[in-house]
Amino acid sequence: MTKLQALFGGTFDPIHYGHLKPVEILANQIGLSRIIIMPNNVPPHRPQPEATSDQRKHMVELAIADKPLFVLDERELRRDMPSYTAQTLKEWRDEEGPEAPLAFIIGQDSLLTFPTWYQYDTILDNAHLIVTRRPGYPMTMQQPEHQQWLDDRLTLRSEDLHEQPAGKIFLAETPWFDISATIIRERLQNGKSCDEMMPAPVLEYIMQQGLYR
């Protein structure tokens with residue numbers, strides 16, 4: 001059986017344990033063979049990152065250097081145009097072939113806005129969605145037709161993610177770590193410690209580069 005791989009995108013400005021630890025636990029829970037971390041260059045739905053593309057790439061490399069579960073994919077960093085998930089997942093599917101089980105990891109907050117994403121209705125043609133829970137967010141969509149779309153694709157069986165190449169939405173019971181890049185940037189600006197929030201090599205690099213001052 002082809003092993004399940006998952007793509008995990010974000011700005012990673014900077015990468016921290018709130019990114020890494022939940023998906024490491026997720027990998028153990030559902031049998032992920034590989035998590036591909038993909039920093040984006042020009043995110044279409046949020047403010048532009050403070051760190052440069054090269055700096056964010058280097059921070060990811062430092063964070064995963066001793067973690068064989070993770071690999072870095074630089075394709076979106078090489079784009080000058082906004083990065084759309086639908087296009088990236090189509091590229092990935094073309095590379096991996098029609099039978100490989102592929103998944104895309106998002107947070108519960110992102111699921112609620114998912115129907116606003118560019119060509120969202122094509123994403124499940126190319127990958128499963130794995131949704132990590134976020135406290136305080138509802139589990140219902142605002143529009144009835146979007147709720148129906150979710151209900152039609154939800155699965156409670158992680159085995160479905162391995163047995164089918166794409167098309168399912170799985171709600172993962174991952175723990176919540178109260179860490180965010182915004183909190184880290186604010187703490188660094190105020191000279192406060194972030195030692196427990198990210199891998200030491202990442203924090204050392206931030207200090208060397210004078211980031212988030």
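Residues count as buried under 20% relative accessible area, as exposed over 50%, and as partly exposed in between. Keep that scale at hand for the exercises below, which work on a predicted model.

**Exercise 1. Classify glutamate 50 and arginine 185 by accessibility, then describe the salt bridge between them.**

Step 1. Glutamate 50 has 49% relative accessibility, so this residue counts as partly exposed.
Step 2. Arginine 185 comes to 16%, and therefore counts as buried.
Step 3. Now look at the pair: the closest N and O atoms of glutamate 50 and arginine 185 are 3.4 Å apart.
Step 4. Glutamate 50 sits in the loop between strand S2 (34–39) and helix H2 (53–64), while arginine 185 belongs to helix H8, so the salt bridge ties together parts 135 residues apart in sequence.

**Exercise 2. Find the salt bridge that joins arginine 185 to an aspartate, and place both residues in the chain.**

Step 1. The aspartate is residue 13, whose side chain meets that of arginine 185 with an N to O distance of 3.8 Å.
Step 2. Arginine 185 is in helix H8 (residues 181–189), and aspartate 13 is in the loop between strand S1 (5–10) and helix H1 (17–30).
Step 3. These two residues are 172 residues apart, and the pair links distant parts of the chain.
Step 4. Both aspartate 13 and arginine 185 are buried.

**Exercise 3. How many salt bridges does the whole structure hold, and which residues form a network of them?**

Step 1. A search of the whole structure returns 14 salt bridges.
Step 2. The network is made up of Asp73, Arg75, Glu76, Arg79, Glu91 and Glu95.
Step 3. Take glutamate 76 from this network: the residue lies in the loop between strand S3 (70–72) and helix H3 (85–96). With a relative accessible area of 6%, glutamate 76 is buried.
Step 4. Beyond its neighbours within four places in sequence, glutamate 76 contacts several residues, including Met38, Asn40, Tyr84 and Thr88.
Step 5. For another salt bridge, turn to glutamate 74 and arginine 78, with their closest N and O atoms 4.0 Å apart. Here glutamate 74 is partly exposed at 27%, and arginine 78 is exposed at 61%.

**Exercise 4. Which residues touch the most other members of the largest nonpolar core, and which element gives the most to this core?**

Step 1. The core has 38 residues, and Ile15, Ile37, Met59 and Ile130 touch the most other members.
Step 2. Elements that each supply at least two residues include S1, S2, strand S4 (102–107) and helix H9 (200–209).
Step 3. H1 gives the most, with five residues.
Step 4. Setting aside neighbours within four places in sequence, the contacts of isoleucine 130 include Leu26, Ile30, Phe104 and Phe170.
Step 5. There is also a second, separate core of 24 residues, with Ile36, Phe104, Leu129 and Met141 among them.

**Exercise 5. Describe the ring geometry of two of the seven aromatic pairs.**

Step 1. Phenylalanine 114 and tryptophan 117 have ring centres 4.8 Å apart and planes at 45 degrees, so this pair is tilted. Both residues are buried.
Step 2. Tyrosine 120 and tryptophan 149 have centres 5.4 Å apart and planes at 70 degrees; planes over 60 degrees apart count as edge-to-face, and so does this pair.
Step 3. Tyrosine 120 is in helix H5 (residues 120–126) and tryptophan 149 in helix H6 (residues 144–153), so the pair connects parts 29 residues apart in sequence.
Step 4. Finally, these four residues and Phe104 form one aromatic cluster: Phe104, Phe114, Trp117, Tyr120 and Trp149.

Conventions. Residues numbered from 1 in each chain as written. Predicted model: local features only at pLDDT ≥ 70, side-chain atom pairs only at ≥ 80, totals over all residues. Heavy atoms only, no water. Helix = DSSP H or I, 4+ residues; strand = E, 2+ residues; numbered from the N terminus. Buried < 20%, exposed > 50% of the residue type's maximum accessible area, 1.4 Å probe, protein only. Contact = heavy atoms within 4.5 Å. Core = buried A, V, L, I, M, F, W, Y, C linked by side-chain atoms within 4.5 Å. Phe/Tyr/Trp six-rings, centres within 6.5 Å; stacked < 30°, edge-to-face > 60°.
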